[in-house]
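Please find below a note on the model under review. The points move from the overall layout to individual side-chain pairs.

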Amino acid sequence: MSTAVHISTVPDDAVTASGGPAEGVSLLAVSGELDYTNAERFRHDLLGAIGSDRRHLVMDLAGLSFCDSTGIRVFLAVRKLVQDRGGNLAMASPHPRIQRIFHLTGLTDAFAVHPTIEEAVGFLRRNGNPE
């Protein structure tokens, strides 16, 4: 049995890069193990955390220790959602296991994966045009 996946919304003032708050960028921290037993609940919780107006999103994956194909599908769906809103999604600080899964599956090309939150926010500032 996998451990539950938790999503934490990080306050806007905690999202910094290049000298100040990154307005227009939301940060969600994901922790636990993501697999077929909890992917649907994770999707529901994630969409609730994103809401109807968030466009630019950084997902901190440092606490996510496992992800199977159902979890990957959730990440791809969220990426499409934010892109449809004119935004962008960046992944930050992936656990080494998650980094390996993304590398082996080619998802490092689908997601902007960065070693730190600051670098992910910087990427969105340069490429996502957060206001």
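The numbered points that follow concern the predicted model shown above.

1. Overall composition. The chain contains 5 helices and 7 strands. Read from the N terminus, its elements follow the order β-β-β-β-α-β-α-β-α-α-β-α. The chain has 131 residues, and 45% of them count as buried. Its accessible surface amounts to about 6,700 Å², and carbon and sulfur atoms contribute 51% of that area. Among contacts in the chain with a separation of 6 or more, 75% are between residues 24 or more positions apart.

2. Strands β4 and β5. Strand β4 covers residues 25-34, and 7 of its 10 residues are buried. Its pairing with strand β5 (residues 56-67) is parallel and extends over 9 bridges. Within this pairing, L28 has M59 of β5 as its bridge partner. Helix α1 (residues 39-50) joins β4 and β5 in a β-α-β unit that is right-handed.

3. Strands β5, β6 and β7. The parallel arrangement continues from β5 to β6, with 4 bridges between the two strands. One of the facing pairs is V58 and A90, the latter in β6. The connection from β5 to β6 passes through α2, and this β-α-β crossover is right-handed. On β6 there is also a parallel pairing with strand β7 (residues 112-114), over 3 bridges. In that pairing, V113 of β7 is opposite M91.

4. The two faces of β6. Side chains in a regular strand alternate between the two faces of the sheet. In β6, L89 and M91 point one way, whereas A90 and A92 point the other way; all of these residues are buried.

5. Nonpolar cores. The largest nonpolar core has 25 residues, and the members that touch the most others are F42, M59, L61 and F75. Elements giving two or more residues to this core are β4, α1, β5, α2, β6 and α3. A second, separate core has 11 residues, among them L27, A90, I117 and V121. As for M59, its contacts beyond four places in sequence are L28, V30, F42, L46, F75, L89, A90, M91 and A92.

6. Residues S93 and D60. Where does S93 lie? S93 is in the loop between β6 (89-92) and α3 (96-105). S93 counts as buried because its relative accessibility is 19%, the cut-off being under 20%. Beyond four places in sequence, S93 is in contact with D60, L61, A62, H114, P115, T116 and I117. D60 belongs to strand β5. With a relative accessible area of 15%, D60 is likewise buried. The contacts of D60, again leaving aside neighbours within four places in sequence, are L27, L28, A29, V30, A92, S93 and I117.

7. Salt bridges in helix α1. How many salt bridges does the structure hold? There are 3 salt bridges in the structure. One of them links E40 and R43, with 2.6 Å between the closest N and O atoms. These two residues, E40 and R43, are both in helix α1 and stand 3 residues apart, about one turn of the helix. R43 has 31% relative accessibility and therefore counts as partly exposed. Another salt bridge joins the side chains of R41 and D45, at 3.2 Å from N to O. R41 and D45 are likewise both in helix α1, with a spacing of 4 residues, about one turn of the helix. Is R41 buried or exposed? At 52% relative accessibility, R41 counts as exposed, since the cut-off for that class is over 50%. D45, at 29%, counts as partly exposed.

8. Salt bridge in helix α2. K80 and D84 form a salt bridge in which the closest N and O atoms are 2.9 Å apart. Both residues lie in helix α2 (residues 69-84), 4 residues apart, about one turn of the helix. K80 has a relative accessibility of 49% and so counts as partly exposed, because exposed requires over 50%. D84, by contrast, counts as exposed at 57% relative accessibility.

Note on methods:
Residues are numbered from 1 along each chain as its sequence is written. This is a predicted model: local features need pLDDT of at least 70, side-chain atom pairs count only at pLDDT 80 or more; totals for chains, interfaces and linings use all residues. Side-chain values use heavy atoms; hydrogens and water are left out. Buried means under 20% relative accessible area, exposed over 50%, partly exposed in between (1.4 Å probe, protein chains only). Two strands pair if DSSP finds at least two bridges between them. A crossover is right-handed if, with the strands pointing away from the viewer, the path from the first strand over the helix to the second runs clockwise. A salt bridge is a side-chain nitrogen of Lys or Arg within 4 Å of a carboxyl oxygen of Asp or Glu. Contact means heavy atoms within 4.5 Å. Accessible areas come from the Shrake-Rupley method with a 1.4 Å probe; for residues, only the protein chains shown count as cover. A nonpolar core is a set of buried Ala, Val, Leu, Ile, Met, Phe, Trp, Tyr and Cys residues joined through side-chain atoms within 4.5 Å.
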